[in-house]
Amino acid sequence: MESALMGWYGFVSVLVTPVILVQNIGAAKRIKQLSAPIPGSPRAPLDPGKPLVRRPGMLGLLIPVVIGPLLVWAFVAIEARSANSAEVGDCVVNLTGKTEDDRPKVEKVSCSDPAAMGKVVARVGGSRQFPSPAEDFLCSGHPTTEFVYTTDDFTLCLEPPR
């Protein structure tokens, strides 16, 4: 287990390993350019075995090559749906299904989605530090506001999506 955490999959290794692998390609090319062993040497040359790409250990290379891009793709897809990326004109839904909720789980959805609960009419700087009347004040310049979603960083003023 420690090898997995400190080896290929450690934080520094994620950055250093690709550089080392590229350097190894150059070294491998130079080794292939060496001449054949001289006949009559004290012992016979060793069998080089299977080519590297045919060895089972090469599957270990597939793990970071395949999982890395998948993790990046998943992060981008999740962030694209989060309320943090909601702008004016976007629609959102509270996945808990309630409009009055102390712990909403809000995500951005298509405005044509029947589950859409609100359309963003304004995104203003605001904070959960303020009491509820302050949230209403932040959206007071937007008379169509019926719902307010507040995070530590911003407040979304929402109107019905239709």
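1. The link between Cys139 and Cys157 is left-handed, with -85° about the S-S bond, and in this predicted model the sulfur atoms of Cys139 and Cys157 lie 1.8 Å apart. Cys139 sits in the loop between α4 (132-138) and β4 (147-150), while Cys157 belongs to strand β5, so this disulfide ties together parts of the chain that are 18 residues apart in sequence.

2. As for the surroundings of this pair, Cys139 has a relative accessibility of 4% and therefore counts as buried. Cys157, for which the value is 0%, counts as buried because the limit for that class is under 20% relative accessible area.

3. The structure holds two disulfides, and the other link to consider joins Cys91 and Cys111, whose sulfur atoms are 2.1 Å apart. The torsion about the S-S bond of Cys91 and Cys111 is about 100°, so this disulfide is right-handed. Cys91 lies in strand β1 (residues 91-94) and Cys111 in the loop between β2 (106-109) and β3 (118-125), so the pair connects parts that are 20 residues apart in sequence.

4. Are Cys91 and Cys111 buried or exposed? Cys91, at 0% relative accessibility, counts as buried, whereas Cys111, at 32% relative accessibility, counts as partly exposed. When the bonded cysteines are counted along the chain, the disulfides follow the pattern 1-2, 3-4.

5. A reader turning to the interior may start from the largest nonpolar core, which has nine residues: Ala83, Ala86, Val92, Val106, Val120, Tyr149, Phe154, Leu156 and Leu158. Strand β5 (residues 154-159) gives the most to this core, contributing three residues, and Cys157 of the disulfide with Cys139 is also placed in strand β5. As a general background, nonpolar side chains in soluble globular proteins tend to be buried together.

6. Nonpolar residues also appear on the surface, where Leu59, Leu62, Ile63, Val65, Val66, Ile67, Leu70 and Leu71 form a patch with about 730 Å² of accessible area together. One of these residues, Leu71, has its place in helix α3 (residues 59-81). Leu71 counts as exposed because its relative accessibility is 57%, and the limit for that class is over 50%.

Methods. Residues numbered from 1 in each chain as written. Predicted model: local features only at pLDDT ≥ 70, side-chain atom pairs only at ≥ 80, totals over all residues. Heavy atoms only, no water. Core = buried A, V, L, I, M, F, W, Y, C linked by side-chain atoms within 4.5 Å. Buried < 20%, exposed > 50% of the residue type's maximum accessible area, 1.4 Å probe, protein only. Helix = DSSP H or I, 4+ residues; strand = E, 2+ residues; numbered from the N terminus. Disulfide = S-S within 2.5 Å. Patch = residues over 30% accessible without salt bridge, like charges linked within 9 Å, V, L, I, M, F, W, Y side chains within 5 Å. Areas by Shrake-Rupley, 256 points an atom, 1.4 Å probe, with all protein chains shown as cover. Salt bridge = Lys/Arg side-chain N within 4 Å of Asp/Glu carboxyl O.
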